[in-house]
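User: I'm new to this one and keep tripping over the labels people use. Can we go through a few of them together?

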Amino acid sequence: MRLSLAQRREKEIEGDLRVHAWTPAGFVSAGLLHLEEDGERISASFSYDQDYLDAALSYPLDPINMPLKPGGVATTSQFVRLGAIFDAAPDAWGRRVVTAQIPEDARRRVLRNAFLRGADGIGAIVLTPQSMTAPGDLQHIVEWSLQERPALSQVHLAARAARALERGVSVTDEMRHMLSGSWTIGGARPKAILRDDRPGSIAGQSLIAKFDSTSDVVPRNRIEAACLDMAADMGFSVPWHDLVDLEDGTTALLLERFDREVRDGKVHRRHYVSALSLASYEPQSRFLDSAMDRAVLSWGKLLELASRVCARPHAARVEMFARLALNAAFRNTDDHLKNFAFLKMADSALHYEIAPVFDVSSQNAQRHYLHCAGLGQVYSLQEVIPLARNFGVSKAAATEIEERIVQVMESAANYLDARGMAREEREQVLEWVRDGLGHRYSAHTPTASVNRQAP
């Protein structure tokens, strides 16, 4: 007899977890994950099913660290070797949501609880208890997970629930529903995954909604929306996005999920691997300044990964150098390796493409997360462009990147205005941007004193 979703959730969670991967033919069992956790400490191992190794549609869950071969892969860190599975694990916000929704005696097993409640999580992977292997069971779990999502038309309620949780208010049944599944997308800021109920949407489509945080001192959603607008006009691939003003004066930044695509009237999943997972690395130093930290947590490593896994290595290297220039110009210092990702190409088991720009926003900090050649962690666009050849990028390609970034950023004030920034806040962001560009571009420095037409 098939258990209801509520009964499944009440059932004690023990034993191994079966890892299912999406293929053009639907979900298939890829292998078994053994996970033991005690708060922040974990021990995990994974091995592929022999049937998966033999299947024509199979693909490695990580083309570098998890090749398709018999034998297990073990780790004591969610970022090392098995990161492609743990990409679907919760970050700071997700852990907060999961912790608020599970019994106190289960809170030292946050990852396990998140995995088994995240059937609509990031990428192509779904985890279930080992005993639940029938395709019908899995489909039932996925359908329920989708139905439980709050709708886009309820975004104001989801925002209210997120803010209440952030303030430490006890979780109500309404809040549980509004935040259902919201731990499956990474990041530290309040957010929710919303079922797309707009006219013409297809069953299974969903959007990410980012909400204002109670700790914000500047309107972060407005800044990020403006940065995405500018990145799009510079020629970068960005997800569809929209900024919604909510009834209480806060905002929601809506983002299309690029780990999903609609083909033949059906929503298909795209396998997603973060750059951090491909790097398979955990920082050695609190200040990210050990020799290994400087080598791995760097733009050089990011360009190397892109050229290694992408179908067109040189083009991927140039594109990732352009991302370096973009992050420097915006002064987006939150440029850690989990904010860069790769999506598997549908016609290849091993080849990927760089995911669209996401989580890019001007910051009130000078020190970047990623090191940049000999510049360390503090650098501007004017310092980055001359380093192109160090990264295997031609001077001509770097000049083209430079020109399209600077041309758009001349009108940065207008983009911020168009997203509803107050004058004082806009001036503050423009100061960060001027610093990110560097004094060489003083003639092109964005200014609010010139009356231009908003884009």
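User: Are Arg419 and Asp229 buried or exposed?

Analyst: Both Arg419 and Asp229 are buried. The word has a cut-off: buried means under 20% relative accessible area, exposed means over 50%, and partly exposed is in between, using a 1.4 Å probe and protein chains only. Bear in mind that this is a predicted model, where local features need pLDDT of at least 70, side-chain atom pairs count only at pLDDT 80 or more, and totals for chains, interfaces and linings use all residues. Residues are numbered from 1 along each chain as its sequence is written, and side-chain values use heavy atoms, with hydrogens and water left out.

User: What makes Arg419 and Asp229 a salt bridge?

Analyst: A salt bridge needs a side-chain nitrogen of Lys or Arg within 4 Å of a carboxyl oxygen of Asp or Glu. For Arg419 and Asp229 the closest N and O atoms are 2.7 Å apart, so the pair fits that rule. Arg419 lies in the loop between helix 16 (412-418) and helix 17 (423-437), while Asp229 is in helix 9 (residues 220-233), so the pair ties together parts that are 190 residues apart in sequence. Helices here are DSSP runs of H or I with at least four residues, strands are runs of E with at least two, and both are numbered from the N terminus.

User: How many salt bridges does that rule give?

Analyst: The count comes to 24. There is also a network of salt bridges linking Asp38, Arg41 and Arg108.

User: Why do Arg434 and Glu427 count as a salt bridge?

Analyst: Their N to O distance is 3.9 Å, which is within 4 Å, so the pair counts. Arg434 has a relative accessible area of 23%, so "partly exposed" is the label for it. Glu427, at 27%, is partly exposed as well.

User: Why is Asn390 called exposed?

Analyst: Its relative accessible area is 58%, and exposed means over 50%, so Asn390 earns the label. You'll find Asn390 in the loop between helix 14 (381-384) and helix 15 (395-409).

User: How do you know that strand 6 and strand 7 pair?

Analyst: Two strands pair if DSSP finds at least two bridges between them. Strand 6 (residues 191-195) is joined to strand 7 (residues 206-211) by five bridges, so they pair, and they run antiparallel. Arg195 stands opposite Ser206 in strand 7.

User: What makes strand 6 mostly covered?

Analyst: Four of the five residues in strand 6 are buried.
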